[in-house]
Amino acid sequence: MMVILGNWIFHNRNGLFPLFYLLLFIPSPGMLANPLHAMIIGFAVAILGQSVRVFTIGLAYIIRGGKDRRIYAEDLVTTGVFAHCRNPLYLGNILVLAGLGIASNSLLFNCLATPLFLFFWQAIVYAEEQYLLTKFGTPYTDYCKRVNRWLPSIKGLGKTVKGMVFKWKRVVIREYTATYIWMSGAVLIVMKHFYFHSDRYNFASWKWLFVILLISLLFLYLFARYLKKSGKLTSD
């Protein structure tokens, strides 16, 4: 059942997952009395998640976008961060959205949306594992015995990093869209807190800085997109 559900979620993820970002802005009781504390903790978690993704993609990239909106893999990648965690990219996704949820200080989001988001990724992972087991057989089974599904192991991480080349161009090409989306969401979360907590913050004094940040992020996104589409920035 979970495999069937995971395949369906994977097929429709581009329409489903953006809804979680919209839920960040639904009015809700807060979790912490001071929204600043929520933002500090939440953005730290989100940055950790992005760092995991950058580190993973920079060392060894695995095709997880699927093919024809279906789960697909050309090779069994077990190097780089994948030698320490079987799903580091998904772990990064979870940390980013969970961090934004904490930063939003939304009780509704953290009690309902975050657990649902975790459930969706778990279902996708079950479906992927079934696919990989069918395609790669014993090598994949052996890999699963050595490496945890979610909890990263730091044992030998230094040796892994030392023996590989970090490819920053690949990070830019693969990550510019996702990074733009969550960082813009982070700015909007700060704007929300400043606007609805007028007793703590003067929104009018900061609004132009928010506008400049959003425009700057959009510019960087379009610039990265131009570099990729024009072929001026390429990687494997």
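Me: What does the secondary structure of the protein chain come to, in helices and strands?
Reply: Nine helices and zero strands. Those are DSSP runs numbered from the N terminus, with H or I over at least four residues for a helix and E over at least two for a strand. Keep in mind that this is a predicted model, where local features need pLDDT of at least 70, side-chain atom pairs count only at pLDDT 80 or more, and totals for chains, interfaces and linings use all residues. Residues are numbered from 1 along each chain as its sequence is written, and side-chain values use heavy atoms, with hydrogens and water left out.

Me: OK, overall shape. What radius of gyration does the protein chain have?
Reply: 19 Å, which agrees with the value near 18 Å that a compact globule of 236 residues would have. The radius is taken over C-alpha atoms, and the globule rule is 2.2 Å times the number of residues to the power 0.38. Along the principal axes, the C-alpha atoms fill a box of roughly 60 × 45 × 35 Å.

Me: How much of the protein chain is buried?
Reply: Buried residues are 41% of the 236. Buried means under 20% relative accessible area, exposed is over 50%, and partly exposed is in between (1.4 Å probe, protein chains only).

Me: Switching to pockets. What volume does the largest pocket have?
Reply: About 1000 Å³. A pocket here is an open set of points on a 1 Å grid over the protein atoms alone, with protein on both sides within 12 Å along at least five of seven lines; lining residues have an atom within 4 Å of a point. The volume is the space filled by probe spheres set on the points, which are joined across faces, edges and corners.

Me: Which residues lie nearest its centre?
Reply: Arg13, Asn14, Arg53, Asn93 and Ala178, out of 32 lining residues in the largest pocket.

Me: And which helix gives the most to that lining?
Reply: α8, with eight residues. By class, the lining of the largest pocket has 19 nonpolar, five polar and eight charged residues. Ala, Val, Leu, Ile, Met, Phe, Trp, Tyr, Cys and Pro count as nonpolar, Asp, Glu, Lys and Arg as charged, and the others, Gly among them, as polar.

Me: What about the second largest pocket, what's its volume?
Reply: About 260 Å³. It has 16 lining residues, with Val172, Tyr176, Thr179, Leu220 and Ala224 the closest to its centre. For the second largest pocket, α8 again supplies the largest share, eight residues, and the lining divides into 13 nonpolar, two polar and one charged.

Me: Last thing, Asn110. Buried or exposed?
Reply: Asn110 counts as buried, because its relative accessibility is 18%. Asn110 sits in helix α5.

Me: What does Asn110 touch?
Reply: Leaving out residues up to four places away in sequence, Asn110 touches Met31, Ala98, Gly101, Ile102 and Pro115, where contact means heavy atoms within 4.5 Å. Asn110 and Ala98 are 7.7 Å apart, C-alpha to C-alpha, and twelve residues apart in sequence.

How values were computed
On a 1 Å grid over the protein atoms alone, a cavity is a set of points where a 1.4 Å probe fits but cannot get out, and a pocket is an open set with protein on both sides within 12 Å along at least five of seven lines; lining residues have an atom within 4 Å of a point.
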